[in-house]
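Notebook open, structure loaded. I want to go through the backbone oddities, the ligand site and the aromatic pairs, and jot down what I find.

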Amino acid sequence: MSTAILSALPEEQAGLVHALQHPQRITRAGRSFWRGELHGRSVVLALSGIGKVAAATTATALIEHFGVARIVFTGVAGGLGDAVRVGDVVVAQTYLQHDMDASPLFPRWELPGYARSLLECDANLSALLLIAARDCVSSDSGQSGSSSVPRSAHKGLIASGDRFVSSAHESLSLRDALRAAGHEVLAVEMEGAAVAQVCRDYDIPFAAARTISDRADDTAHVDFPQFIQTVASRYAEHIVGKLLQSL
Ligand code: SAH
């Protein structure tokens with residue numbers, strides 16, 4: 001059975017498609033899926049699109065139509081944790097939907113019907129992904145542009161929601177509200193928690209690694225496009241390559 005490699009944006013996916021052996025393009029649900037082999041492993045590459053609903057549709061198609069054994073997300077995110085800098089990688093341990101709020105019927109962030117706010121990623125797959133992420137940041141440190149500072153790989157909570165978080169005010173209030181509820185959030189993006197929820201529904205292992213493209217602050221709209229042009233695809237290719245060799 002195949003491993004699905006999900007990216008949000010074509011810029012994040014480009015290197016993976018380029019490296020794919022025996023590529024076969026399939027269109028489904030208005031999306032392109034690429035079947036093939038990477039490092040001798042059977043994979044399906046897919047774009048989630050942007051936002052939770054688009055990501056849930058792609059994840060469902062990967063499971064229902066392509067019968068994938070596991071889903072791995074590689075993409076970019078805004079850094080929220082104090083120690084999480086541009087160029088670092090965050091591997092998700094848990095996910096939360098920061099724009100889910102059915103209060104006062106349910107506590108803020110709780111997913112109605114699931115009796116929880118946090119969605120766990122698969123522990124084994126995430127441990128392998130963290131090893132791959134560490135390998136990527138250590139071999140990349142000192143190579144590209146701003147990186148005289150060593151880069152780090154982190155593991156923890158990532159929040160997803162249908163917003164590009166692009167002001168210091170919003171990112172701090174999100175981080176502080178989550179902290180007050182006992183959740184130390186490392187990064188924010190727009191798709192992962194939706195995929196985590198679909199994978200939970202189908203009982204499929206899920207793991208995600210997000211490279212930090214911006215700090216979700218007042219310069220996020222400038223930092224983000226620069227980063228995805230220069231670094232995102234290379235990081236995705238390195239991390240996925242290492243991971244596949246360890247499966
Ligand atoms: N410019 C893109 C839109 C990108 S939206 C386009 O025109 O197609 C931002 C993407 O990067 C999403 O997939 C999201 O998951 C991730 N992301 C990076 N930084 C983010 C931030 N600060 N807030 C939310 N999502 C972010």
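Is Trp-109 buried or exposed? I looked it up: its relative accessibility is 6%, so Trp-109 counts as buried, the cut-off being under 20%. Note to self: this is a predicted model.

**Backbone oddities**

I stayed with Trp-109 because its backbone caught my eye, or rather its phi, which is near 75 degrees, a positive value in a residue other than glycine. I placed Trp-109 in the loop between E6 and E7. Pro-104 is also in the loop between strand E6 (89–97) and strand E7 (119–120). I checked omega there: the peptide bond from Ser-103 to Pro-104 is cis, at near 5 degrees.

Next I went to Ala-216, which is not a glycine but has a positive phi of about 55 degrees. I find Ala-216 in the loop between E10 and H6. With a relative accessibility of 1%, Ala-216 counts as buried.

**Ligand site**

What surrounds the ligand, and which residues are the closest? I get 17 residues around it, with Val-165, Met-190, Glu-191, Asp-214 and Phe-224 the closest. Sorted by class, the shell holds ten nonpolar, five charged and two polar residues.

Then I pulled the polar contacts made by ligand oxygen atoms. For Glu-191, a polar side-chain atom sits 2.7 Å from a ligand oxygen. With Met-190, a polar backbone atom is the partner, at 3.0 Å from an oxygen of the ligand. For Arg-210, I have an N or O atom of the side chain at 3.3 Å from a ligand oxygen.

How much of the ligand does the protein bury? The ligand taken alone exposes 570 Å², and the protein buries 77% of that. I also asked which elements give two or more residues to the shell, and got strand E5 (70–79), strand E9 (185–189) and strand E10 (206–214).

**Aromatic pairs**

I searched the whole structure and came back with three aromatic pairs. I wrote up two of them, including Phe-33 with Phe-66: ring centres 4.7 Å apart, planes at 35 degrees, so I log the pair as tilted. Phe-33 is in strand E3 (residues 31–38) and Phe-66 in the loop between H2 and E5, so I note a link between distant parts of the chain, 33 residues apart. Phe-33 is buried, with a relative accessible area of 0%. Phe-66 is buried as well, at 9%.

Why do I call Phe-164 and Phe-224 edge-to-face? Their planes are at 65 degrees, and over 60 counts as edge-to-face; the centres are 5.4 Å apart. Phe-164 lies in the loop between strand E8 (153–160) and helix H4 (168–180), and Phe-224 in helix H6 (residues 220–246), so this pair ties together parts 60 residues apart in sequence. I have Phe-164 as partly exposed, at 35% relative accessibility. Phe-224 is partly exposed too, with a relative accessible area of 21%, and it is also one of the closest residues to the ligand.

**Helix H2 and the loop after it**

Last entry. Helix H2 (residues 52–64) has 13 residues and spans 18 Å from its first C-alpha to its last, close to the 18 Å expected. Its buried residues include Ala-54, Ala-55, Thr-58, Leu-62 and Ile-63. His-65 lies in the loop between H2 and E5, and at 35% relative accessibility His-65 counts as partly exposed. I took one long distance too: His-65 and Arg-134 are 33 Å apart in space, C-alpha to C-alpha, and 69 residues apart in sequence.

Conventions:
Residues numbered from 1 in each chain as written. Predicted model: local features only at pLDDT ≥ 70, side-chain atom pairs only at ≥ 80, totals over all residues. Heavy atoms only, no water. Near = heavy atom within 4 Å. Polar contact = N/O pair within 3.5 Å; in protein donor to acceptor, adjacent residues only side chain to side chain. Areas by Shrake-Rupley, 256 points an atom, 1.4 Å probe, with all protein chains shown as cover. Helix = DSSP H or I, 4+ residues; strand = E, 2+ residues; numbered from the N terminus. Nonpolar A, V, L, I, M, F, W, Y, C, P; charged D, E, K, R; others polar. Expected span 1.5 Å × (residues − 1). Buried < 20%, exposed > 50% of the residue type's maximum accessible area, 1.4 Å probe, protein only. Phe/Tyr/Trp six-rings, centres within 6.5 Å; stacked < 30°, edge-to-face > 60°.
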